[in-house]
Amino acid sequence: MILSQTAVSFEMIMVARFLYGINSGVGLSAQTMYLIECAPKRLRGMVGVSVATFLSLGRFSGQLLGIRELLGTKKDWPWLLGFNGFAALFQLFTLPFLPESPRFLLLERGDSQASAKAFERLWGKNDYSRELDDMMKEKASLHSIPNQSVLELFQSRSLRWQLLTILIAFSSLQLSGINAVYFYSFEVLSAAGIPHDKLAYAALGTGLCELVTSTTCFIIIESMGKKVLLYRGYIAMSVTLGLLTITVYFQKSVSWLPYCSLVLVFFFIFFFAIGPAATTAPLPGEILPQSFKSAGYTLGCTINWMGLFALGIVFIFQENLESFCFLIFLVFCLVCGLYVAFNVPETKNRTVLEITMDYLCSRGYTLGNSRYFIKTKITL
């Protein structure tokens, strides 16, 4: 992308963006799964949130670099597009020095010694016998079942509620309305009296709000739990969207309503960053057994990117709805919030086996049947 201006070739930008998209899809799945598998159970929530925190940091960095004083000029825009290549080079030189995931080494390769060495490199010379015991129990329950495909995840009767959770959570992540709120934030800022040439600087506040909120969530998630943050975040977002529909619709008639809309935009970003953005990405690694994790992450990220693509196409036609388009997203937020509140167990400080049994027992299976379903691959 850096050389596209010199070569006068927009095709180079298209090819580069395509390759970057492939890396983003694979990297988001692999990185999240690796971090969750390497984290101690007591820190798993904080490590999972770090994914959203650095995504927010990347978004804010892009907004900051895009202002006119930095790279947002006619001369320097190729460097803005190609800036992520420097981050890729940093990863290329540093990732080979990281150890393999201890869970992968023990549960997939059956190499307990390599797993112990990986634990020691990651956690130091501490006592990690409890984590090893939990993994050995999970390994015994899997009965040497190899990695499963996405199709086999759909066919597994014992994991249907986990599958439904992934489908709803990742679909709602893009259909929550966050992109629509970011789109309308410029109109809201303009209506609040901010000059057009200063909108880019004011919009930095939205990215900074998401970054600060995500960092705050990193601190409080272990005390509150992911389920609480997820369903309360969606419920609060649905209420905010309802109010934002009203204020944006009447903001040209009432002089002080643009300021209310501005406050609601920041509230919505706050609830999104502290709830869905922070807790959705690591979800498959917490509710699925080891043999189904890669399929779960693949499915979740595919839904996420497909939802973003579909939203980009459909939102062109939703512009005619103006502020009433928020009502569509309100429905998705409300449905996901209620589903999580009544159907998803808390994952804080719990093993995958405990969460799986909770899913099954809540659907009427006895404890004995739960063990049977976990230990047996059922594809009826």
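**Group meeting: helices, core and cavities of a predicted model**

Leucine 80 is found in helix α4, residues 77-82. Before I go on, note that this is a predicted model.

I start with leucine 80 because it counts as partly exposed, at a relative accessible area of 26%, between the buried limit of 20% and the exposed limit of 50%. Setting aside neighbours within four places in sequence, leucine 80 is in contact with Gly62, Leu65, Gly66 and Leu71. Take one of those partners, leucine 65: the two residues are 15 apart along the chain, and their C-alpha atoms are separated by 6.9 Å.

Now helix α14. What should its 18 residues span, and what do they span? At 1.5 Å a residue, residues 257-274 should cover 26 Å, and the end C-alpha atoms are 26 Å apart, so the two values agree.

Which residues of α14 are buried? They are Leu257, Pro258, Ser261, Leu264, Val265, Phe268, Ile269, Phe272, Ala273 and Ile274. As a general point, an α-helix has 3.6 residues a turn, so residues three or four places apart point the same way. With that in mind, look again at Ser261, Leu264, Val265, Phe268, Ile269 and Phe272, which are among the buried residues of α14.

That takes us to the largest nonpolar core. The core has 46 residues, and Leu153, Leu241 and Phe326 are the ones that touch the most other members. Helices α10, α11, α13, α14, α16, α17, α18 and α19 each supply at least two residues. Which helix gives the most? That is α18, with eight residues.

Leucine 241 deserves a closer look. Leaving out neighbours within four places in sequence, leucine 241 is in contact with Ser176, Val181, Phe268, Phe326, Phe329, Leu330 and Cys333. Among these, Phe268 is also on the buried list of α14, and Phe326 is another of the residues that touch the most other core members.

Next, the empty space. How many cavities of 30 Å³ or more does the structure hold? There are five. The largest cavity has a volume of about 250 Å³. Its lining is made of 19 residues, with Ala39, Lys41, Arg44, Arg103 and Met135 lying nearest the centre. Helices α2, α7, α8 and α19 each supply at least two lining residues, and α8 gives the most, with four. By class, this lining has eight nonpolar, two polar and nine charged residues.

The second largest pocket has a volume of about 230 Å³. It is lined by Pro40, Lys41, Arg42, Leu43, Trp123, Asn126, Asp127, Arg130, Glu131, Asp134 and Asn349. Here too α8 gives the most, this time with three residues. The classes are three nonpolar, two polar and six charged. Lys41 is in this list, and Lys41 is also among the residues nearest the centre of the largest cavity.

One of the pocket residues is arginine 130, placed in helix α8. Is arginine 130 buried or exposed? It is exposed, because its relative accessible area is 59% and the limit is over 50%. Arginine 130 and glycine 307 are 177 residues apart along the chain, with their C-alpha atoms separated by 39 Å.

Last, serine 190, which sits in helix α11. At 39% relative accessibility, serine 190 counts as partly exposed. Serine 190 and cysteine 217 are 27 residues apart in sequence and 30 Å apart in space, C-alpha to C-alpha.

Methods: Residues numbered from 1 in each chain as written. Predicted model: local features only at pLDDT ≥ 70, side-chain atom pairs only at ≥ 80, totals over all residues. Heavy atoms only, no water. Expected span 1.5 Å × (residues − 1). Buried < 20%, exposed > 50% of the residue type's maximum accessible area, 1.4 Å probe, protein only. Core = buried A, V, L, I, M, F, W, Y, C linked by side-chain atoms within 4.5 Å. Contact = heavy atoms within 4.5 Å. 1 Å grid on protein atoms, 1.4 Å probe; cavity = no way out; pocket = protein on both sides within 12 Å on 5 of 7 lines; lining within 4 Å. Points joined across faces, edges and corners; volume = space filled by probe spheres on them. Nonpolar A, V, L, I, M, F, W, Y, C, P; charged D, E, K, R; others polar.
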